[in-house]
Each structure stands twice: as structure tokens, then as C-alpha cells.
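Okay, thanks for squeezing me in. I'll put the structure up and then walk you through a strand and a pocket.

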Amino acid sequence: METIELVETFSDEEYLEQMVEIFLNVHNIGDRTSVEERFRRHSTYPGFRRSVAIDDENKVLGFVYGYTSLPEQFYNGKLRAQMTYEQVEKWLSNCFEFVELAVDPYYHRNGLGSKLHDSILEKTTHKTSILTTGAEMAAAQALYKRKGWETIQTDVDVLGAGKRQLIMGKKL
């Protein structure tokens with residue numbers, strides 16, 4: 001396997017095209033323009049952090065990013081609508097929203113996702129982190145459970161788009 005380096009980056013342009021390509025290959029949802037626009041918008045949110053795994057030829061092999069979850073944000077509001085008052089108080093106060101983790105399918109099952117996961121959370125000062133993952137994404141759920149995430153809600157449709165998800169949280 002090539003040499004892999006994890007690079008913490010805040011630039012919204014560096015590696016962007018390759019990140020979009022990996023996202024589309026992994027998730028097979030959305031189109032290039034909307035995914036790129038979303039990634040750019042998210043990079044402007046408070047507390048934004050991103051790590052990118054690159055090989056020795058500067059090819060992106062995977063990435064992870066997130067930001068501070070705030071009540072005025074779209075997804076935070078969608079999460080709140082699926083949670084009890086107690087869950088909101090426990091999980092969304094001083095919370096890092098773990099937005100995206102994607103690894104080029106060629107590099108699946110070699111620990112890269114785990115390294116990316118750890119890289120984004122190790123320096124955060126938030127008390128909790130929250131994420132959603134597809135109900136059918138068993139490998140992702142297994143990774144998160146190994147990393148200490150707990151299930152907050154199961155079988156929810158956070159965006160109202162007919163896609164079943166789990167909401168998971170991690171105390172940091």
C-alpha cells in the first residue's frame with residue numbers, strides 16, 4: 001500500500017474535486033454541482049474541521065469533516081425534530097456535528113476510515129458529537145459502534161426524503 005498521510009485542512013478548494021468524486025462513488029446520491037455547493041457552504045460554518053487522507057501522489061483516498069452544531073442550522077433543526085427534549089439537551093449542547101466520512105471503495109476495510117474518524121475528533125473541544133447514517137449502512141454503523149458511538153434514534157427520516165437513518169451520539 002502507498003504511503004498515506006492525513007492532512008488537516010480548512011481550505012474549501014484544496015482537494016474539493018476529488019472529495020466530491022469519492023462522495024458520489026460511495027453514496028451514489030446527488031449530483032456533482034449540489035454536492036460541491038454543500039461542501040463549500042459547510043466549510044464556512046463555525047468550528048469547521050476537515051481531514052483528508054492523501055497518498056504520495058496527492059490523490060485523495062478519503063476524507064472526513066464536520067462543524068459546530070448550532071440551533072439556527074438546517075440539519076440541527078431536523079435532528080431536534082426527531083429527538084426528545086432530554087436528548088436535545090444531552091447531545092446538541094456544545095456539539096460537533098460529524099457530517100461526512102467517505103473512503104474511496106478501493107481503500108475500504110484497511111483502517112483508513114478509523115484513522116479519519118479519530119483525526120477529526122481528537123482535537124475538538126466539544127462535549128459531544130452527533131451523526132446520522134443510513135439504516136442500511138451496516139459497515140458504517142459497525143465502525144461507529146467500535147469507536148464508542150451510541151444509537152440515539154433508529155429508523156428515522158431526518159430529511160423527510162423517505163431514507164431511513166440512525167442518529168448516533170458520542171461523548172467526547
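**One strand, one pocket**

So, β4, α5 and β5 together form a right-handed β-α-β unit. Keep in mind this is a predicted model, not an experimental one.

Let's stay with the two strands of that unit. β4 and β5 run parallel to each other, paired over 3 bridges. If you want a spot to click on, take Cys95, whose bridge partner in β5 is Thr128.

Now, what pairs with β5 in the antiparallel sense? That's strand β7, residues 165-171, and there the pairing goes over 7 bridges. Here you can click on Thr133, which has Leu166 as its bridge partner in β7.

Is β5 mostly covered or not? Covered: 7 of its 7 residues are buried. You can see it on both faces, with Thr128, Ile130, Thr132 and Gly134 buried on one side, and Ser129, Leu131 and Thr133 buried on the other.

Okay, on to the pocket. The largest one has a volume of about 1300 Å³. Its lining comes to 48 residues, and those nearest the centre are His27, Glu100, Leu101, Met137 and Tyr144.

Which elements supply the lining? At least two residues each come from α1 (16-27), α2 (32-42), α3 (74-82), β4 (95-103), α5 (112-121), β5 (128-134) and α6 (138-146). So β4, α5 and β5 from our unit turn up again in that list.

And for the chemistry people: by class, that lining has 26 nonpolar, 14 polar and 8 charged residues.

That's my bit. Happy to rotate things around if anyone wants a look.

Notes:
Residues numbered from 1 in each chain as written. Predicted model: local features only at pLDDT ≥ 70, side-chain atom pairs only at ≥ 80, totals over all residues. Heavy atoms only, no water. 1 Å grid on protein atoms, 1.4 Å probe; cavity = no way out; pocket = protein on both sides within 12 Å on 5 of 7 lines; lining within 4 Å. Points joined across faces, edges and corners; volume = space filled by probe spheres on them. Helix = DSSP H or I, 4+ residues; strand = E, 2+ residues; numbered from the N terminus. Nonpolar A, V, L, I, M, F, W, Y, C, P; charged D, E, K, R; others polar. Buried < 20%, exposed > 50% of the residue type's maximum accessible area, 1.4 Å probe, protein only. Pairing = 2+ DSSP bridges. Right-handed = clockwise from strand over helix to strand, strands pointing away.
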